[in-house]
Amino acid sequence: MQAILFDYGGTLDTNAVHWFNVLWGGFRQMKAPFSKDHFREAYVYAERRLAQAPLIQPSDDFYSLLLKKVRIEVDYLIEHDIWEATVAEQSAMVRGVADYGNAYVHRNLERVRPILKRLSQHYNLILVTNFYGNIQAVLAAYDLNFFSQIVESAVVGVRKPDPRIYALGLEAAACAAEDVVVIGDSYEKDILPAKFLGCHTIWLKGEGWTKEERQDNGAADVIIEDITAIEHLLLSDKG
C-alpha cells in the first residue's frame, strides 16, 4: 500500500458511532423530555437544512458547527410543539449537547491522533469526506495535520456515495487503486464506491443509523470494530 484514503465523520471522530446516536446521548445527559423518535425527526431536518443552506462558514471549527446544528434541532422541536422550554432552557440544552459532542470527539481523537501520526510516516494520507466546507478548520482545531490532500464534498461538488469523490481521492494520492486502502464507517458511502474503483477496503463497522445487520459484506476486504485496529493491520510490519 502507498496511500490511505480516510473518511472523517463517523470514522475518525466517533469510532463508527453514528452522529445521531452521539447527539442523542447528549440530549439524554441533559435530561431531554422527548423521545428518541422525536429527536430523529429533528436530526433529519437539521441535516437537510445544513445541506441546503450555507449556514456553516469555512472558519467554523467543530464546536461552532455543533452549536449551529443543535440549535436547528432544538428550534425544530420547539416549533413542532414537541418540547416546551424557555429561551434560557433552550440555550442551556444547545450548549450542553454541543459540549457533550465535542468532548466525545476529543476522547476518541486522543486514541486516534498518535496512530495517524505513525501512519503518516509510512503512507500518504488523504481525507475524503462529505462535509460542509469547513473541514480544514475542524482538523486544525483538533490538531489533525496529517493529511497531504483533502477532498471535501462541499468544495469539489460531489458527495458520497458517488464514486467520483473517491476517484478524486485517487487523483490526489497519485497512485493506482490497487495501491490504496480506503477506511470508512459507512458500507454504502465508503466501502461500496471504493471497491467499485478497485481499492482495498477496511470497513469500520459500528453503531450506525439503524440496528439492521447487513447480509452482504463482500465489498469489505477487512471488517474491524474499533479504529485502533488499523495500527496492527497497517503498521505491524513497519517497525
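## A walk through the fold, starting at helix α3

In α3, the buried residues are Phe-62, Tyr-63, Leu-65, Leu-66, Lys-69, Val-70, Ile-72, Glu-73, Val-74, Tyr-76 and Leu-77. Keep in mind as you read that this is a predicted model. Look at how those numbers are spaced, and recall that an α-helix has 3.6 residues a turn, so residues three or four places apart point the same way. The list holds Lys-69 and Glu-73 alongside names such as Leu-66, Val-70 and Leu-77.

What sits on top of these residues? The cover over the buried part of α3 includes α1 (19-29), α2 (36-52), α4 (87-120) and α5 (135-141). As for its geometry, α3 runs over residues 62-79, which makes 18 residues. From first C-alpha to last, α3 reaches 26 Å, close to the 26 Å expected at 1.5 Å a residue.

Both ends of this helix deserve a look. At the N-terminal end, Asp-61 acts as a cap, with a side-chain oxygen 3.3 Å from the backbone nitrogen of Tyr-63. Just after α3 comes Asp-81, with a positive phi of about 55°. Most residues other than glycine have a negative phi, and most peptide bonds are trans. Asp-81 has its positive value although it is not a glycine. Asp-81 belongs to the loop between α3 and α4. Is Asp-81 buried or exposed? Its relative accessibility is 69%, so Asp-81 counts as exposed.

Now step over to α1, one of the helices that cover α3. Nine of the 11 residues of α1 are buried, so "mostly covered" is a fair description of this helix under the 20% cut-off for burial. The buried ones are Trp-19, Phe-20, Asn-21, Val-22, Leu-23, Trp-24, Gly-25, Gly-26 and Phe-27. Their cover includes α2, α3 and α4. After α1 you meet Lys-31, again with a positive phi, near 60°.

On the other side of α1 in sequence, Asn-15 sits in the loop between β1 (3-6) and α1. Asn-15 also has a positive phi, near 60°, without being a glycine. With a relative accessible area of 14%, Asn-15 is buried, whereas Asp-81 is exposed.

Next, the core. In soluble globular proteins, nonpolar side chains tend to be buried together. Here the largest nonpolar core has 63 residues, and Phe-6, Tyr-8, Phe-27, Leu-116 and Leu-119 are those with the most contacts inside it. α4 provides the largest share of this core, 11 residues. Where does this core lie relative to the domains? Domain 1 (3-17 + 109-236) and domain 2 (19-106) both contribute residues, so the core lies between them.

Take Leu-116 as a way into that core. Leaving aside neighbours within four places in sequence, Leu-116 is in contact with Phe-6, Leu-12, Leu-125, Leu-144, Phe-146 and Phe-147. Apart from this core lies another one, of 16 residues, among them Ile-126, Ile-165, Val-180 and Val-182.

The domains themselves can be described with a few numbers. Their C-alpha centres lie 25 Å apart. Across the boundary, 18 residues of domain 1 are in contact with 22 residues of domain 2. Between them the two domains bury about 1,700 Å², with 58% of that area on carbon and sulfur atoms.

Back to α4 for a polar side chain. Arg-113 lies in this helix, and at 16% relative accessibility Arg-113 counts as buried. What does its side chain make polar contact with? One partner is the side chain of Glu-110, at 3.1 Å. In addition, the backbone oxygen of Tyr-142 lies 2.7 Å from a polar atom of the Arg-113 side chain. Beyond neighbours within four places in sequence, the contacts of Arg-113 are Tyr-142, Asp-143, Leu-144 and Phe-146. Leu-144 and Phe-146 also appear among the contacts of Leu-116.

Two loops finish the tour. In the loop between α6 (153-156) and α7 (163-173) you will find Pro-161. A cis peptide bond joins Lys-160 to Pro-161, with omega about 15°. Further along, Gly-218 is in the loop between β5 (200-204) and β6 (222-224). Gly-218 has a relative accessible area of 60%, so Gly-218 is exposed. The C-alpha atom of Gly-218 is separated by 9.5 Å from that of Lys-195, which is 23 residues away along the chain.

Key
Residues are numbered from 1 along each chain as its sequence is written. This is a predicted model: local features need pLDDT of at least 70, side-chain atom pairs count only at pLDDT 80 or more; totals for chains, interfaces and linings use all residues. Side-chain values use heavy atoms; hydrogens and water are left out. Helices (H or I, at least four residues) and strands (E, at least two) are DSSP runs, numbered from the N terminus. The expected span of a helix is 1.5 Å times one less than its number of residues. Buried means under 20% relative accessible area, exposed over 50%, partly exposed in between (1.4 Å probe, protein chains only). Contact means heavy atoms within 4.5 Å. A polar contact is a pair of N or O atoms within 3.5 Å; within protein, one must be able to donate a hydrogen and the other to accept it, and residues adjacent in sequence count only if both atoms are side-chain atoms. A nonpolar core is a set of buried Ala, Val, Leu, Ile, Met, Phe, Trp, Tyr and Cys residues joined through side-chain atoms within 4.5 Å. Domain bounds come from an automatic or database domain assignment. Buried area is the accessible area (1.4 Å probe) that two parts lose on being put together, summed over both.
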